[in-house]
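Colleague: I should like to learn how pockets and helix packing are read from a model. Could you take me through the features in turn?

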Amino acid sequence: MDKELSGVILINKHKGVTSHDIVFKIRKLFLTKKVGHTGTLDPLATGVLPVLVGRSAKASEYLLSENKKYVAEIKLGITTDTEDITGKILTKCTTLPTKSEFFMACKKFEGEIMQVPPMYSALKVDGKKLVDLARQGVEIERQARKITVFSIEPEALNESEGVYKLTVACSKGTYIRTLCADIGAHLGCGATMKELKRTESGDFKLENAYTIAELENMPYEERVNLLLPPEELFKDAEKISFSEFYTRLFKSGCEIYQKKIGTHFPVDTFLRVYENGEFIALAKVKDFPDGTAIKSIKFFKI
């Protein structure tokens with residue numbers, strides 16, 4: 001096993017498994033315990049799940065572009081405790097809005113909005129997952145969080161039954177089933193999410209993803225060759241390289257003061273650091289008493 005194995009594999013997650021189940025499978029397929037993912041998908045959900053292998057596994061906290069795109073089915077007229085079709089039905093309503101009323105309601109949820117995370121989620125409060133509390137019958141108050149819905153494109157699938165398709169582009173931290181529930185509450189009839197597919201996660205697209213079955217049916221070396229380089233995670237970061245002297249200091253953990261190398265990146269700017277044309281680390285510009293400096297935060301090759 002190559003100890004330097006590091007990269008991203010795009011998984012087309014199938015229905016009925018958790019994101020952790022996918023991580024477990026990838027550990028076996030790539031012969032490493034160092035595996036992580038960039039964003040949970042519920043068992044009901046399908047679609048693109050970027051999985052980080054090897055040295056890349058701990059990089060998810062530094063991801064810069066985490067906007068998402070989803071295709072969902074929404075059913076008007078019912079609400080459930082999980083806000084999706086797998087939950088216990090709480091209310092039913094036979095008076096449904098018209099297609100035009102539904103379409104207009106969707107547009108009201110575009111832009112910056114406040115969203116209360118659902119109880120049935122992996123979000124932790126005081127160290128406990130909300131979903132674990134919910135399964136115990138406990139509901140706690142959750143703080144609304146600001147999210148951005150860049151666009152909602154509704155399409156009627158069965159207007160008489162109140163079933164529609166939503167194509168949603170949104171910021172990280174957006175719960176699509178909560179969005180469905182909130183649209184239903186706004187209309188006064190209630191709603192729940194029937195289906196969910198993630199088609200984009202950051203710069204990663206579903207059409208470039210592989211199913212677990214596809215990976216299982218190919219040789220190990222072929223699977224490894226599918227790994228995207230870790231720098232693909234940080235496309236939005238500026239590129240930089242140092243002289244041999246400063247590269248040696250940087251790799252030893254020293255901060256590189258911008259005034260000494262003639263750069264002027266703002267504080268908190270993320271940088272992709274290269275050595276001889278090869279990506280070696282993610283760095284960040286920080287403010288020190290003697291000025292701003294570039295400091296490594298994650299090495300991918302030493």
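**Pockets and a helix pair**

Modeller: We may begin with the second largest pocket, whose volume is about 510 Å³. Its lining comprises 20 residues, and those closest to the centre are Thr 18, Asp 42, Pro 43, Val 131 and Arg 135. Please bear in mind that this is a predicted model.

Colleague: Which element provides the largest share of the lining of the second largest pocket?

Modeller: One reads this by assigning lining residues to helices and strands. Here the largest share comes from α3, with three residues. Both α1 (19–30) and α3 (130–135) supply at least two residues each.

Colleague: How do the residues of that lining divide by class?

Modeller: The lining of the second largest pocket has six nonpolar, eight polar and six charged residues.

Colleague: What volume does the largest pocket have, and which residues lie nearest its centre?

Modeller: The largest pocket holds about 740 Å³ of space. It is lined by 28 residues, and nearest its centre lie Gly 39, Thr 40, Gly 173, Tyr 175 and Arg 198. By class, this lining consists of 11 nonpolar, nine polar and eight charged residues.

Colleague: Which element gives the most to the lining of the largest pocket?

Modeller: That element is β12, which gives three residues. At least two residues each are supplied by β4 (68–76), α4 and β12 (191–201).

Colleague: Let us turn to helix packing. At what angle do α2 and α4 pack, and how far apart are their axes?

Modeller: One reads a helix pair from its angle and its axial separation. Helix α2 (residues 99–107) packs against helix α4 (residues 176–187) at an angle of about 120°, and the axes are 10 Å apart. The angle therefore makes α2 oblique to α4. Their crossing is right-handed.

Colleague: Which residues meet where α2 and α4 are in contact?

Modeller: From α2, Glu 101, Phe 102, Ala 105 and Cys 106 meet Ile 183, His 186 and Leu 187 of α4. This contact has five nonpolar residues, one polar and one charged.

Notes. Residues numbered from 1 in each chain as written. Predicted model: local features only at pLDDT ≥ 70, side-chain atom pairs only at ≥ 80, totals over all residues. Heavy atoms only, no water. Axes fitted to C-alpha atoms, helices over the stretch in contact; angles between N-to-C directions. Helix = DSSP H or I, 4+ residues; strand = E, 2+ residues; numbered from the N terminus. Parallel < 35°, antiparallel > 145°, perpendicular 65-115°, else oblique. Left-handed = near helix turned anticlockwise from the far one by under 90°. Contact = heavy atoms within 4.5 Å. Nonpolar A, V, L, I, M, F, W, Y, C, P; charged D, E, K, R; others polar. 1 Å grid on protein atoms, 1.4 Å probe; cavity = no way out; pocket = protein on both sides within 12 Å on 5 of 7 lines; lining within 4 Å. Points joined across faces, edges and corners; volume = space filled by probe spheres on them.
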